[in-house]
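Good morning, colleagues. Please take a moment to look at the sequence and the structure on the screen before I begin.

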Amino acid sequence: MSIPHSSHWGAFGAVATADGVRITPHPDDPAPSALLANVPVAATPTARVLRPHVRRGWWEDGPGPDDRRGRDEFLPVAWDELLDRVAAEYRRVLGDHGPRAVFAGSYGWASAGRFHHAQSQLHRFSHLLGGAVRSSWTYSHGVGEVLLPHVVGNQEPLLSPTSWTSVEAHTDLVIALGGLPAKNSEVASGGITRHEVAGRLRAARARGAEFVLVSPLRDDLAAELGAQWLDVVPGTDTALLLAMCHVLLTDGTYDREFLDRCTEGSAEFLASLDGRTPEWAAPLTGIPAATIRDLARRAVRGRTMVTVSWSVARTRFGEQPLWAAVALAAMIGQIGLPGGGFGHGYASTGGVGKRAGTYPLPTFPQFADPLRVRIPVARIADALLHPGEPYEVDGRHEVYPHLRLVHWAGGNPFHHHQDLQRLQRAFRAAETVVVHEPFWTATARHADVVFASTTTLEREDLGAARYDDRLIAMGRVHAPLGQARDDYSTLSGLAERLGIGPSFTEGRSAREWVEHLYEQWRTGPAARAGITAPPYARFVADGEFRLPAEPAEKVLLASFRADPGRFPLRTPSGRVELHSRTVAGFGYDDCPGHPVWLAPDEVPDEEFPLHLVANNPATRLHSQLDHGATSQAGKVAGREPVRVHPQDAADRGLRDGQVVVLRSRRGSCLGGLVVSDAVRRGVVQMSTGAWFDPVAGAEAGVTCGHGNVNVLTRDVGSSRLAQACTGQHAAVQVSAFEGVPPRVRAFDQPGT
Ligand SMILES: Nc1nc2c(c(=O)[nH]1)N[C@H]1C(S)=C(S)[C@@H](COP(=O)(O)OP(=O)(O)OC[C@H]3O[C@@H](n4cnc5c(=O)[nH]c(N)nc54)[C@H](O)[C@@H]3O)O[C@H]1N2
Ligand SMILES: Nc1nc2c(c(=O)[nH]1)N[C@H]1C(S)=C(S)[C@@H](COP(=O)(O)OP(=O)(O)OC[C@H]3O[C@@H](n4cnc5c(=O)[nH]c(N)nc54)[C@H](O)[C@@H]3O)O[C@H]1N2
Ligand SMILES: [Mo]
């Protein structure tokens, strides 16, 4: 019998077979994701952590900064012995240094499922222990999380912009900076039963909407939408947007009434446009001045949605393109009208714009964080390397805590962080690193303690997500491999040893917790919201529960627009801030008080003449299941594919399918060459998520032998405002790899 299940890339049914599991997409999914084919490999021993392991140097010599971290031997040990040692280490660190010495931010996507969500489990554990240093914001949209509250008073545009239904029905022109890539909308955090974005875009097109794709990659928008492609130079969107504003200003076609009534600081902003002409922007952006002028004029002809993907802000000075897009939308004057205004992150996941789901979901209580010490999420290496040193963020002066014990569950910093060799040094500076993982990721390989975790297929859970319309009764598909345990069980073992066992478990087994969360929800918040859900046993027998239909069309900032006096924004002025006195008051030259052009500070030069676009991968979610079938099918010569324009390939004598070396100022990796005219000339594209392989790298004389793009990227914040991830861009060189490429070792058991 097919067992209901869920993942960040879709709901499915699974059957255990003699040689693994067989997956069938959810019957209601109109466009199931190819990422589902990555799932079956999780049920095989390949790359699985089958027992708890410990690094020899830590086990024998005790905690402390250690250069052997990441290259030492791992020893399998018994669960109880290891839990005893980790509990003792917690006692040492907390006793000698207090909770400010523990980092349990543990950023990462982990897996679908409300109870077994690894990060939630770890946070509950550490909150009961007196807290630990955590992280603020996300790698995904850290810029928007900090900037948008200054500009529009909250993060609503990120979480719940104007709905797709509104765009589908009303938008005449979609200007998509960073595109609306089909690949990204396959995924939504927590689960996605129905993949609808492609269909909605098709419907908008069929109704007459036109699309303009602003991106260095042609395939950031489906070909069937017939978009005009403006192949912008990476990192220059702000120049394009300011030049469009300049055209509206000089044409006199901007909406003065909207600016006066609904915005603050328009005078400063408009004055700052002096000289920002299309002719000024053309050489920067690579887009002809006439094209820029034409686009600006089209934008005021009908209903226009200006949308910026999260990636465009995941860059150095990434605050600027987002703020400039809001400014352009304000000048167009359609913020708050159906299908008009601005968006940030449409299609960046399948959830954005999907529904404004207001009803409650079952939640696993994590308790309040008693410590409340946070670092910006992408400043983890800075914190580990520079304890006690000052830094600035969002107008505050802070000091990095001295982190000694690092505890990670459900994330892969050796996937998600930039400049991985610097991250290696940072991890080596810690005294103890504890990682929970189902797989031997590079993060597990850089730990002292590796707890063997189960995958979702090995446990029962409750699948539910903010932008989905189902609760899924996720069932256990097969028994845990080896000695893998649920993170809940591992943390219960630690909690018990640290004297917080009863408050952590409340006396419930994992299965009892899942039922408890469901029943609490059913009889409490759900009942109050008028949702009649069946009792747990019935829910499990049915396999899923369908939540009420999507609420009516939502238009971002509609009531504000209608009556700004009655519905002011939570900005100092109550209006959209095109110039923010607050931000100006911070005195940041890397993020002044209104959107400005700041030239990227790493641009191609003689040594590294190409723009790298390090985007999210089409064939997997981040690094997850990189050894799965879909991800492996995308590899070229066993390496992560790197796309290069035909002319750039010809200039270097490179052939399709060959192994190449990418180098930046930080490091180098191998890749498999794909020659493609879907890439702007001068740009190379390599997605994130190939497992870091320093072993094969050493044999090849490079940093990574497989193609983890984050050995190339730069570990620097967007600006002092958001201090957000800037991993999307770097300057690189590509050349042929001479010799026999080494076998990729990233999926081997360590030490083999
Ligand atoms: N250069 C560059 N870098 C980037 C980006 C970029 O655009 N460019 N994008 C960034 C973005 S937007 C993000 S969100 C991050 C993503 O970074 P992450 O979210 O850290 O990446 P994942 O690969 O999803 O890591 C999740 C890990 O959790 C593990 N896991 C899954 N289920 C469980 C479980 O039940 N228990 C435990 N213990 N572990 C589990 C998986 O095996 C996997 O190793 O990457 C960022 N990095
Ligand atoms: N299949 C799949 N889907 C995913 C994920 C995944 O790993 N795999 N990750 C999920 C997560 S956590 C997130 S946060 C989102 C990420 O969503 P995004 O951040 O929107 O996605 P990316 O793929 O990083 O980037 C989208 C496109 O932006 C373009 N781009 C890069 N630089 C520039 C620039 O300077 N200017 C312009 N105009 N365009 C530029 C690139 O061509 C790139 O393909 O995706 C989610 N969806
Ligand atoms: Mo993300």
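I shall speak first about one sheet and then about ligand 2.

Please bear in mind throughout that this is a predicted model.

Let me begin with the sheet. It is open and has five strands, in the order β10-β9-β8-β12-β13, with parallel pairing. The edges are formed by β10, residues 228-230, and β13, residues 341-344; each has a single partner strand, so one side of each is left without a neighbour in the sheet. On average, neighbouring strands here are turned by 20° against each other, direction ignored.

Within this sheet, strand β8, residues 173-177, runs parallel to strand β9, residues 210-214, and five bridges join the two. To take one position, A176 has L213 as its bridge partner in β9. Elsewhere, helix α14, residues 319-332, lies across β12 (304-308) and β13, and runs at about 175° to β12.

I turn now to ligand 2. Which residues are closest to ligand 2? They are K183, D220, D237, S311 and R314, within a surrounding set of 31 residues. By class, this shell has 13 nonpolar, 13 polar and five charged residues. Helix α13, residues 310-313, gives the most to the shell, with three residues.

As for individual contacts, a backbone N or O atom of P617 lies 2.8 Å from a nitrogen atom of ligand 2. For H622, a backbone N or O atom lies 2.8 Å from an oxygen atom of the ligand. Q728 places a polar side-chain atom 3.2 Å from an oxygen atom of ligand 2. Taken alone, ligand 2 exposes 910 Å², and the protein buries 99% of that.

Thank you for your attention.

Key. Residues numbered from 1 in each chain as written. Chains lettered and ligands numbered in written order. Predicted model: local features only at pLDDT ≥ 70, side-chain atom pairs only at ≥ 80, totals over all residues. Heavy atoms only, no water. Pairing = 2+ DSSP bridges. Helix = DSSP H or I, 4+ residues; strand = E, 2+ residues; numbered from the N terminus. Axes fitted to C-alpha atoms, helices over the stretch in contact; angles between N-to-C directions. Contact = heavy atoms within 4.5 Å. Near = heavy atom within 4 Å. Polar contact = N/O pair within 3.5 Å; in protein donor to acceptor, adjacent residues only side chain to side chain. Areas by Shrake-Rupley, 256 points an atom, 1.4 Å probe, with all protein chains shown as cover. Nonpolar A, V, L, I, M, F, W, Y, C, P; charged D, E, K, R; others polar.
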